[in-house]
Structure formats: structure tokens, C-alpha cells
Amino acid sequence: MRLILLGPPGAGKGTQAQRLVEKYGIPQLSTGDMLRAAVAAGTGVGQRAKAVMDAGGLVSDEIVNQIVSERIDQPDCARGFILDGYPRTVPQAKALTAMLNEKAMQLDAVVELKVDETALLQRIEKRAAETAAAGNGVRADDNPDAFKKRLVEYREKTAPLSDHYHQTGELKTVDGMAPMDEVTGAIERAIAAA
Ligand code: ADP
């Protein structure tokens, strides 16, 4: 099972991806998590990505394509994976198609979480408050300025992916405003129908 989860920042991709991990026994590949790990480890990629990420911008396609290509070659991805936060641009989507062809892998479904944009800032503020209350470090980009930039990047560069995957016939759209369990159910049905 190879899946892509699409949706704006704060749409709930991470939460839903975790549930799919349990249900299907395949890993969640979050490029955001991978990049944050690279930043924390102080690798070359991390050093190049940090400032852009903190400001809410997008890391170069070249870097993320490389990270994903290496990650899906790992043994735990043999039965599939859930891509969360990748692809984020049309060129990334094209690179992914080429990459999968080269590896003789096929995509099973692209599931988009549709969310009302006005709800997103509230969700992000809540996440930052909850993380801080739990005594954990808040993400550097979970603040209103960086978040606005993330939304702009989303509208300009990521939203066009809906059209892209609609044209390839792979897109399934789910209402991301419904309660979490209902969203999970709708995603599972969309996958089953794919
Ligand atoms: P969100 O919570 O907004 O979905 P992520 O955790 O997926 O954010 O990603 C955080 C940051 O990591 C992004 O704002 C961006 O700077 C960088 N990033 C993650 N995935 C990609 C990608 N596919 N292409 C470019 N940049 C990315």
C-alpha cells in the first residue's frame, strides 16, 4: 500500500497518518519530521534547510526528492508507505512518479484532506499551546508569522497538486473538517475504493 496524504498545514495529516500506520503496518514518511531530524542532527542537509523551514518556506525540491528516494529504499518500506508532506510541489510530484517508475513501484491512492482555511490558524495555535503545556518544545514554525507564510506557500505551490492528481485519476477527497474518527473512516473507504 503506497499512499500520499495531501492537505494544508494543520489539516490533520500527521494524526491520520499515525492511524493508517497502525491499520496497515506501513511507515509514515513525513518529510517535515525527516527534515527536523536532519536539523537536530546538524547534518549538511539540516544546516541548509533550517532557516527556510523556520520562516515557513519550502526546502528545495532537490533536497526533499533525494531524502524521499533514499528513505523508500529502506527495508521497512518494502510493503508500502504513507507519504505525509511530500510531494508539496508539482515538480516534486513529477519527480516522485519518475522515482517510483525507476524502482518499479506503484502508487495506490492520493488522499486529500479538504479543510476550511479559517480553521487552520486556530488548530496550529492550539497545537502550539498543547505542546508547550505538555512541556515539549514548540516547533519553530508553529507561530502566526511562519504559519501565514506556510499557508501562502501551500496555496501557491501545493494546492495545484489537487488538479495534478485529479488529472492522473488518482485523487480521492475527504472532508477534513469532520470529527477525527470520521475522517479516518472516510480515508479508509477512499483507499478501499482506489
Ligand atoms: P506542516 O505541519 O505544515 O504540514 P511539515 O511538518 O510537513 O509541516 O513540514 C514543515 C516544514 O518542512 C515545511 O514548512 C517546509 O519548510 C519543510 N518541508 C517539509 N516537506 C517538504 C517538501 N516536500 N518540500 C519542501 N519543503 C518541505
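These legends accompany several close-up views of a predicted model.

**View 1. Five strands side by side in one open sheet.**
Welcome to the middle of the fold. The strands of this sheet follow the order 2-3-1-4-5, and their pairing is parallel. Strand 2 (28-30) and strand 5 (171-175) sit at the edges with a single partner strand each, so one side of each has no neighbour in the sheet. From one strand to the next, the twist averages 25°.

**View 2. Strand 1 and its enclosed surroundings.**
Five of the five residues of strand 1 are buried, so the strand is largely enclosed by the rest of the structure. In a regular strand, side chains alternate between the two faces of the sheet. Here, Arg2, Ile4 and Leu6 point one way from strand 1, while Leu3 and Leu5 point the other way. Arg2 is worth a second look, as this residue is buried along with the other four residues named here.

**View 3. Strand 1 meets strand 4 and strand 3.**
How many bridges join strand 1 to strand 4? There are four, and the two strands run parallel, with strand 4 covering residues 109-114. Two of the partners can be picked out by name: Leu3 has Ala109 as its bridge partner in strand 4, and Leu6 has Glu112. Strand 1 and strand 3 also pair in the parallel sense, over four bridges. Look for Ile4 with its bridge partner Leu83 in strand 3, and for Leu5, which stands opposite Asp84.

**View 4. Strand 3 and its pairing with strand 2.**
Strand 2 and strand 3 pair in the parallel sense over three bridges. Leu29 stands opposite Leu83 in strand 3, and Leu83 is also the bridge partner of Ile4. Which residues of strand 3 point the same way as Leu83, and which the other way? Phe81 shares the direction of Leu83, whereas Ile82 and Asp84 point the other way. These four residues of strand 3 are buried.

**View 5. The largest nonpolar core.**
In soluble globular proteins, nonpolar side chains tend to be buried together. The largest nonpolar core of this model has 27 residues, and those touching the most other members are Ile4, Leu35, Ile72, Phe81, Leu83, Leu96 and Tyr165. At least two core residues come from each of strand 1 (2-6), helix 2 (31-41), helix 3 (44-54), helix 4 (61-71), strand 3 (81-84), helix 5 (90-102) and helix 8 (160-167). A second, separate core holds 22 residues, including Val111, Leu113, Val174 and Ala190.

**View 6. Leu35 and its contacts.**
This view moves in on Leu35, one of the residues touching the most other members of the largest core. Which residues does Leu35 contact once its neighbours within four places in sequence are left aside? They are Val45, Ala49, Met53, Val59, Ile63, Val64 and Ile67.

**View 7. The second largest pocket and its lining.**
About 170 Å³ of space lies in this pocket. Its lining is made up of Ala93, Leu96, Thr97, Leu100, Asn101, Met105, Gln106, Leu107, Tyr165 and Glu170. Helix 5 gives the most to this lining, with five residues. Two familiar names return here, Leu96 and Tyr165, both listed among the best-connected members of the largest nonpolar core, touching the most other members.

**View 8. The cavity and buried Thr158.**
The structure holds one cavity of 30 Å³ or more, and the largest cavity has a volume of about 30 Å³. Leu6, Gly7, Glu112, Tyr154, Thr158, Ala159 and Ser162 line the largest cavity. Leu6 and Glu112 may be recalled from View 3 as bridge partners. Thr158 lies in helix 7 (residues 144-158). Is Thr158 buried or exposed? With a relative accessible area of 7%, Thr158 is buried. Leaving out residues up to four places away in sequence, Thr158 touches Arg88 and Glu153.

**View 9. Glu130 in helix 6.**
Helix 6 (residues 117-133) is home to Glu130. At 47% relative accessibility, Glu130 counts as partly exposed. Glu130 and Ala104 are 26 residues apart in sequence, and their C-alpha atoms are 42 Å apart in space.

Terms used: Residues are numbered from 1 along each chain as its sequence is written. This is a predicted model: local features need pLDDT of at least 70, side-chain atom pairs count only at pLDDT 80 or more; totals for chains, interfaces and linings use all residues. Side-chain values use heavy atoms; hydrogens and water are left out. A nonpolar core is a set of buried Ala, Val, Leu, Ile, Met, Phe, Trp, Tyr and Cys residues joined through side-chain atoms within 4.5 Å. Buried means under 20% relative accessible area, exposed over 50%, partly exposed in between (1.4 Å probe, protein chains only). Contact means heavy atoms within 4.5 Å. Two strands pair if DSSP finds at least two bridges between them. Axes are lines fitted to C-alpha atoms, for helices over the stretch in contact, and angles run from 0 to 180 degrees between N-to-C directions. On a 1 Å grid over the protein atoms alone, a cavity is a set of points where a 1.4 Å probe fits but cannot get out, and a pocket is an open set with protein on both sides within 12 Å along at least five of seven lines; lining residues have an atom within 4 Å of a point. Grid points are joined across faces, edges and corners, and a volume is the space filled by probe spheres set on the points.
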